[in-house]
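Got your viewer open? Here is a short tour that tells you what to select at each stop and what you will find there.

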Amino acid sequence: MRLIVVSNRLNLTVEEKDDKIIYKQSSGGLATGLSSYLESMKSRNFEISEYLWIGWPGSAISAEKRAEVRSELISKYNSHPVFLSEKAMDKFYLGFCNKTIWPLFHYFPMLANYSSEQWNQYISVNEAFCDAVLEAARPDDIIWVHDYQLMLLPAMLRKKLPDAAIGYFHHIPFPSFEVFRLLPREWRNSILEGLLGADLAGFHTHDYTQYFLRCVMRLLGHEHNLGAISCVNHMSVSDTFPIGIDYKKFNSAAQKPGVVEEINNFKAAFGEKKVILSVDRLDYTKGIINRLKAYELFLERYPEWHGRVAFLSLVVPSRTGVDQYMAMKKQIDEMAGKINAKFGSASWTPLIYQFKSYSFEKLAAIYSVSDVCLVTPLRDGMNLVAKEFVASKADGRGVLVLSETAGAAREMGEAIQVNPNDIDEMASAMDEALGISYEEQARRNRQMQKRLERYDINRWAEDFIKKLISVRSERSKLETRLLRGILKKDMIEKYANAASRLLLLDYDGTLVPFADSPEKARPGAKLIETLKKLSSVPENEVVIISGRERRTLENWFKGIKVSLVAEHGAWVRENECEWKALKPLKNDWKSHIMQIFERCVDRLPGSFVEEKEFALVFHYRKSDPELSVLRVSELRDDLIQLTANKDLQILMGKKALEIRCAGVSKETGGMHFIVERKPDFILSIGDDVTDEDLFRALPETVYSVKVGVERSNARYCLQSFAEVNALLEELSSFENSVLLEKNFIK
Ligand code: ADQ
């Protein structure tokens, strides 16, 4: 099995300089972390033995060099480049990714802009990635897509490779519904549908997972069952996987010769002073300005630390093309100058501010010598610096001050947690951190280290992939029940050879899709035609078994020789004869229950009651999905109490709660025909919980078919109502050709 990693940035950065091509390992947590995992995978006895990486190589490569770069990257590094022009990258990366998604998902809606041109470019780049994956992928590959730049890709891939195992991991926060909904309707729906294309979507924290599921529920109307959402031809599962780091690498770094040398340099520079450290990419989400303000307040409030402390703020240049970043750089420069001018002296520089990237050796060394690390982003998906700092403290010394709005805060409860908007609290936290005893420092760090060691980057990646494989194999099991190929051929053969046949067909969700209101789901001309053809064959009896009221069915199927079962088995009409009740039923309970339903309608906008002869149905398809859950469960509780000693039954349908006389069900309706006719061949199709009653009761030889690839009592499944229609059309046309043949023989 191969693993295809797809991310915006390739694991290698390629630069074209003076006609020469330079290949460098990409920096950044994901590229370095995953690369070491992928390499280690080869030596371990894991299901995946090979990997390749697909992504943008980091800079625009001229057209004439592309073939050379591609072949070098593929043959030497397993890396497949997606070449994008500077213009495309501008609108896609600097544009939609960093001016719309990044600010919005980090709760800076006022910085987000909404340009359709950039959105269209986002679609095009996702399509270019899709083409690149299709070119490289083999049937058994596992595809793992990373991050917010490629949120449309899972669905694009699903469309082209319906059977593929597709995973997606989201590295930044997933915002709450109120923030996510700020995106234009088409964009937000496409993004959610894009992510649902994955078999498994992973997030750093439980909150992000829940926010995503909530957005799906509110905007697309799909409910989930323990994170699993049933999509047209697959199940999409969302779950939490907090990313880890290469723990051993950081924990053992202080003994490496290159790092030792750097440690000595830092020690010589700082002498006896306590070192406070912060390490960030230049980004407004990182809270750099607030942190500097807090340091200024700390120096004002605690003069006893003057001359005894040094704050080293490392800022890595990033996204230099985005205006806000340059404005922020200017502001940081000014703040740093102000602090040093206000508190510094000839012998003491309170703030050392460096705007550059560090090598691993230097970074590990500064983690090792620092006493306090301030990780105080305003918002951060996870934040690896917090984890790297704690992992680097092999001797147990050091204090982490961590923002509660970083994903890492969920796992690092022993850190001093702060609100990054509270300058006062942050200044006090600095003083507290500097005063914590070594024993306490070690106690806290050891606890965090245990967790970081156990759940490192390898474990994170392996957990994700194992879960993806298990979701996929669960799907494969269900798919073996799909009525296609040989299974379908067998069924058609049995159908053709049968002297008498019974077709038991549910209506809503099986023959037609769900509509906003029940009366809108009328059968179309094509369906009527198919049913006419099927029922005109003398050997066939077609029965529509529905929860609908008898007059509606009678009206919709007028002039067709189908039998009807209405109100979930309360009424039966055989071949255009009179309606018969299968059991004497009462409806004197309705007026009392109606009052309760009406009260609930008043409290749940968009809901309404449908009255049938022996049933009442509370519909809430158009209501607020979350309020519905609450109101319907209240309603259900009330009804359970009220009906305890009555001959009534409550039934939960799809976005509908029905109360009806007990003792009637689709089972009684369906079995009535089976017992009376004793047909040679039976096909029973349905999508709802009410159909499960019948599936459960059917003899083993029956072709029972669930609409939806889900667990069911049916033996087989079809993916959608459209597939049911196609199957029935096939049976009806086959029937015609047989009839024609018969006529011809005569
Ligand atoms: P990033 O924004 O890249 O990623 P982060 O988790 O902070 O965020 O990782 C930054 C990495 O860069 C760290 O590994 C750090 O060592 C390195 N780094 C930072 N400053 C450096 C410097 N001056 N010199 C050298 N290296 C430096 C996104 C999300 C995060 C999420 C990660 C992983 O925004 O929230 O934690 O993905 O999922």
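**Stop 1: two crossing helices.** Before you click, keep in mind that this is a predicted model. Select residues 116–136, which form helix α4, and then 153–160, which form helix α5. Their axes come within 9 Å and cross at roughly 45 degrees. Angles from 35 to 65 degrees fall outside the parallel and perpendicular classes, so α4 and α5 are oblique to each other. Turn the view until one helix sits in front of the other: the crossing of α4 and α5 is right-handed.

Now show the side chains where the two helices meet. On the α4 side, pick I123, N126, E127, F129, C130, V133 and L134. Their partners in α5 are L153, M156, L157 and K160. Sorted by class, this contact has 8 nonpolar, 1 polar and 2 charged residues.

**Stop 2: a glutamate in α7.** Next, select residues 185–196, helix α7, and look for E193 inside it. Is E193 buried, partly exposed or exposed? Its relative accessibility is 46%, so E193 counts as partly exposed. Leaving out neighbours within four places in sequence, E193 is in contact with A155 and L220. Try a distance label too: the C-alpha atoms of E193 and L152 are separated by 7.6 Å, though these residues are 41 residues apart along the chain.

**Stop 3: the domains.** Time to zoom out and add colour. Give one colour each to domain 1 (2–240), domain 2 (249–454), domain 3 (480–583 + 663–732) and domain 4 (590–661). Notice that domain 3 is listed as two stretches of chain. The C-alpha centres of domain 1 and domain 2 lie 31 Å apart. Where these two domains touch, the contact takes 20 residues from domain 1 and 18 residues from domain 2.

**Stop 4: a covered helix.** Select residues 384–392 for helix α14. How many of its 9 residues are buried? The count is 8, so α14 is mostly covered. The buried ones are V385, A386, K387, E388, F389, V390, A391 and S392. To see what covers them, show elements including α9 (247–251), β11 (274–281), α13 (360–369), β14 (372–375), β15 (399–403) and α16 (438–454).

**Stop 5: a loop residue.** Finally, go to Q719, in the loop between β28 (716–718) and α25 (721–745). With 15% relative accessibility, Q719 counts as buried. Skip residues up to four places away in sequence, and Q719 touches V232, N233, L482, R484, G708 and V709.

Terms used
Residues numbered from 1 in each chain as written. Predicted model: local features only at pLDDT ≥ 70, side-chain atom pairs only at ≥ 80, totals over all residues. Heavy atoms only, no water. Axes fitted to C-alpha atoms, helices over the stretch in contact; angles between N-to-C directions. Helix = DSSP H or I, 4+ residues; strand = E, 2+ residues; numbered from the N terminus. Parallel < 35°, antiparallel > 145°, perpendicular 65-115°, else oblique. Left-handed = near helix turned anticlockwise from the far one by under 90°. Contact = heavy atoms within 4.5 Å. Nonpolar A, V, L, I, M, F, W, Y, C, P; charged D, E, K, R; others polar. Buried < 20%, exposed > 50% of the residue type's maximum accessible area, 1.4 Å probe, protein only. Domains from an automatic or database assignment.
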